[in-house]
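Biologist: I would like a close look at one part of this predicted model. Could you take me slowly through the largest pocket, and then through the parts of the chain around it?

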Amino acid sequence: MKTHLVASALTVGLSVSLTAIFAYGQSATDAPTSKSRYLPEYTADGDLILPKNFREWVFVGSPITPNGLNGGHANFPEYHNVYIEPGSYEIYKKTKVFPEGTILFKELQLSLPAENPDGSRTEPSGRGYFPGAFNGADVTVKDSKRYADAGGWGFYNFNHHEPKAPTAKLKPVSECAYCHQQSAKKDEVWTQFYRLLDE
């Protein structure tokens, strides 16, 4: 009898646990996904916590705006290595809509020191721009309610130097969201630069 009760309790407990895991994977989505999603984490004060394992996410592109081609003072003189959280990407592929909770992670990476006036250098593969040291990160999160004033996306800076900050405060709309609203191709995302998101 005891064995039967213990087995029943374990079955119920496992069922509840699996239900919770499934619900977590489905939360903040507009479509089912086979991947459990990593959703944004916040501190008690509402700061965004640096997303975990972002280099294991789906890489979507790496544009660069070097100083040498921007009068020596580019706003972002680095490679923008951009990743999207895999569960969100799976939903986006099916719906062509960024689901609630989508995280886009932009790791900044400096180019190697210039050898030519345009900022380029010559390496065995030829003349061009080549990645050097990491230089902080910017992160954007989709949450239509939390970021209603910014069109549904929140923008965060985790330093423009290393090491990356463990948490970041929401940037004012005038600093990031405004530019994205004016020039990004789709839903405040620069999909025109990221082939995987612009198919």
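Modeller: In this predicted model, the lining of the largest pocket draws on several elements, and β3 (78-84), β4 (103-111), β7 (131-142), β8 (153-157) and α3 (177-183) each supply at least two residues of it. The pocket itself has a volume of about 770 Å³, and of the 29 residues that line it, the closest to its centre are Phe76, His80, Lys106, His180 and Trp190. If you sort the residues of the lining by character, you find 16 nonpolar, 8 polar and 5 charged ones.

To place these elements, it helps to look at the whole chain. The protein chain holds 3 helices and 9 strands, and, read from the N terminus, its elements follow the order α-β-β-β-α-β-β-β-β-β-β-α. Of its 199 residues, 37% are buried, while the surface that the chain exposes comes to about 11200 Å², with carbon and sulfur atoms supplying 59% of it. Among the contacts with a separation of 6 or more, 56% are between residues 24 or more positions apart.

Let us now go into β3, one of the strands that contribute to the lining, and stop at asparagine 81, which lies in this strand. Is this residue buried or exposed? Asparagine 81 has a relative accessible area of 8%, and because the cut-off for buried is under 20%, it counts as buried. Its side chain makes a polar contact of 2.4 Å with the side chain of serine 62, and another polar contact, of 2.8 Å, joins it to the side chain of glutamine 109. When neighbours within four places in sequence are left aside, asparagine 81 is in contact with Phe59, Gly61, Ser62, Phe105, Lys106, Glu107, Gln109 and Phe134. In that list you meet Lys106 again, a residue already named among those closest to the centre of the largest pocket.

Further along the chain comes helix α2, which covers residues 86-95 and whose buried residues are Gly87, Ser88, Tyr89, Glu90, Ile91 and Tyr92. These buried residues pack against β2 (58-61), β3 and β4, and of these strands β3 and β4 also take part in the lining of the pocket. The N-terminal end of α2 is capped by glutamate 85, with a side-chain oxygen that lies 3.0 Å from the backbone nitrogen of glycine 87. After the helix comes lysine 96, whose phi is positive, near 60 degrees.

β8 is another contributor to the lining, and the loop between β8 and β9 (167-168) holds glutamate 162. With a relative accessibility of 36%, glutamate 162 counts as partly exposed. Although glutamate 162 and asparagine 135 are 27 residues apart along the chain, their C-alpha atoms are separated by 5.4 Å. Not counting neighbours within four places in sequence, glutamate 162 is in contact with Phe134, Asn135 and Gly136, and its side chain reaches the backbone nitrogen of glycine 136 at 2.7 Å. The side chain of glutamate 162 also makes a polar contact of 2.8 Å with the side chain of lysine 164.

The backbone of this loop deserves some care as well. Most residues other than glycine have a negative phi, and most peptide bonds are trans. The bond that joins glutamate 162 and proline 163, however, is a cis peptide bond, with omega about 0 degrees, and proline 163 lies in this loop between β8 and β9 too. Asparagine 159 is found in that loop as well, and it has a positive phi of about 90 degrees although it is not a glycine. A further positive phi, near 50 degrees, belongs to aspartate 187, whose place is in the segment after α3. Aspartate 187 counts as partly exposed, at 29% relative accessibility.

For contrast with the buried asparagine 81, consider leucine 69, which is found in the loop between β2 and β3. Leucine 69 is exposed, with a relative accessible area of 54%. Leaving out residues up to four places away in sequence, leucine 69 touches Asp118 and Tyr129. Its C-alpha atom and that of serine 120, which is 51 residues apart from it along the chain, are separated by 9.4 Å.

Key:
Residues are numbered from 1 along each chain as its sequence is written. This is a predicted model: local features need pLDDT of at least 70, side-chain atom pairs count only at pLDDT 80 or more; totals for chains, interfaces and linings use all residues. Side-chain values use heavy atoms; hydrogens and water are left out. On a 1 Å grid over the protein atoms alone, a cavity is a set of points where a 1.4 Å probe fits but cannot get out, and a pocket is an open set with protein on both sides within 12 Å along at least five of seven lines; lining residues have an atom within 4 Å of a point. Grid points are joined across faces, edges and corners, and a volume is the space filled by probe spheres set on the points. Helices (H or I, at least four residues) and strands (E, at least two) are DSSP runs, numbered from the N terminus. Ala, Val, Leu, Ile, Met, Phe, Trp, Tyr, Cys and Pro count as nonpolar, Asp, Glu, Lys and Arg as charged, and the others, Gly among them, as polar. Buried means under 20% relative accessible area, exposed over 50%, partly exposed in between (1.4 Å probe, protein chains only). Contact means heavy atoms within 4.5 Å. Accessible areas come from the Shrake-Rupley method with a 1.4 Å probe; for residues, only the protein chains shown count as cover. A polar contact is a pair of N or O atoms within 3.5 Å; within protein, one must be able to donate a hydrogen and the other to accept it, and residues adjacent in sequence count only if both atoms are side-chain atoms.
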